[in-house]
Amino acid sequence: MGIECRQVEITLAFLADAANAARDGKLNALGIFDELIASSFPTMHPEMQLVFQWMASGSETGDDKRITISLMDEDANERGLIEASLTVPESARPGLPVKGQEIVPVKMMTFEKPGIYAFVIAVDDSRVEVPLHLRKIDAEGNSGNWGVPGDS
């Protein structure tokens, strides 16, 4: 009995300080987060890893898939775009879907203002959003505005 998967599907996605994939297929992550705090804006984050895991049916072996990753701000403005391709490999597990993982380094990313951002990952018809909240704090470390109107 096999697990059905008709097309590439993103099954897991997150941001982390560091990540790697072991030879045995395990995904290792350190410092998974969905929030960054800064004392002033614009602010620059030196490095983070956008990590996602995908699954495809064995019938897609050899197919080329288009991957797009965009960073959207809360006003629906695209702040950056990455395009890549993926060739679906053969399944190492007969009767089961092909699984893979991608670790995308995001370096020197500048955020203009506090608020809610999202990395949008799309492969075929599968689309997921990985939220990232940027929050401002004052010099004493008190929480400030999330960038949401009326929030203080």
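**Figure 1. Surroundings of His45 in strand S4 of the predicted model.** His45 belongs to strand S4, which spans residues 43-56. Its relative accessible area is 18%, and His45 is therefore classed as buried, the limit being under 20%. A polar atom of the His45 side chain lies 3.2 Å from the backbone oxygen of Glu47. Beyond residues up to four places away in sequence, His45 touches Leu36, Lys107, Met108, Met109 and Phe111.

**Figure 2. The aromatic pair formed by Phe111 and Tyr117.** The structure holds one aromatic pair. The ring centres of Phe111 and Tyr117 are 5.1 Å apart and the ring planes meet at 75°, so the pair is edge-to-face, a class that requires an angle over 60 degrees. Both partners are buried: Phe111 has a relative accessible area of 0%, and Tyr117 has one of 5%. Phe111 is also among the residues touched by His45.

**Figure 3. The largest nonpolar core and the contacts of Met48.** This core has 29 residues, and those with the most contacts inside it are Met48, Leu50, Phe111, Phe119 and Leu132. At least two core residues are supplied by each of strands S1 (9-21), S3 (35-38), S4, S5 (64-72), S7 (98-111), S8 (115-123) and S9 (126-136). With neighbours within four places in sequence left aside, Met48 is in contact with Leu15, Ala16, Phe33, Leu36, Val104, Pro105, Val106, Met109, Phe111, Phe119 and Leu132.

**Figure 4. Val106 in strand S7 and its contacts.** Val106 is found in strand S7. Its relative accessibility is 6%, and Val106 therefore counts as buried. Residues up to four places away in sequence excluded, Val106 touches Pro46, Glu47, Met48, Leu50 and Phe119. Met48, Leu50 and Phe119 are also listed among the residues with the most contacts inside the largest nonpolar core. The C-alpha atoms of Val106 and Leu15 are separated by 9.7 Å, although the two residues are 91 residues apart along the chain. Leu15 and Val106 are both in contact with Met48.

**Figure 5. The largest pocket and its lining.** The pocket holds about 160 Å³ of space. Gly25, Gln53, Ala92, Arg93, Lys99, Gly100 and Gln101 line the pocket. Strand S7 provides the largest share of this lining, with three residues. Strand S7 also supplies at least two residues of the largest nonpolar core.

Methods:
Residues are numbered from 1 along each chain as its sequence is written. This is a predicted model: local features need pLDDT of at least 70, side-chain atom pairs count only at pLDDT 80 or more; totals for chains, interfaces and linings use all residues. Side-chain values use heavy atoms; hydrogens and water are left out. Rings of Phe, Tyr and Trp (its six-membered ring) pair if their centres lie within 6.5 Å; planes under 30 degrees apart count as stacked, over 60 as edge-to-face and the rest as tilted. Buried means under 20% relative accessible area, exposed over 50%, partly exposed in between (1.4 Å probe, protein chains only). Helices (H or I, at least four residues) and strands (E, at least two) are DSSP runs, numbered from the N terminus. A polar contact is a pair of N or O atoms within 3.5 Å; within protein, one must be able to donate a hydrogen and the other to accept it, and residues adjacent in sequence count only if both atoms are side-chain atoms. Contact means heavy atoms within 4.5 Å. A nonpolar core is a set of buried Ala, Val, Leu, Ile, Met, Phe, Trp, Tyr and Cys residues joined through side-chain atoms within 4.5 Å. On a 1 Å grid over the protein atoms alone, a cavity is a set of points where a 1.4 Å probe fits but cannot get out, and a pocket is an open set with protein on both sides within 12 Å along at least five of seven lines; lining residues have an atom within 4 Å of a point. Grid points are joined across faces, edges and corners, and a volume is the space filled by probe spheres set on the points.
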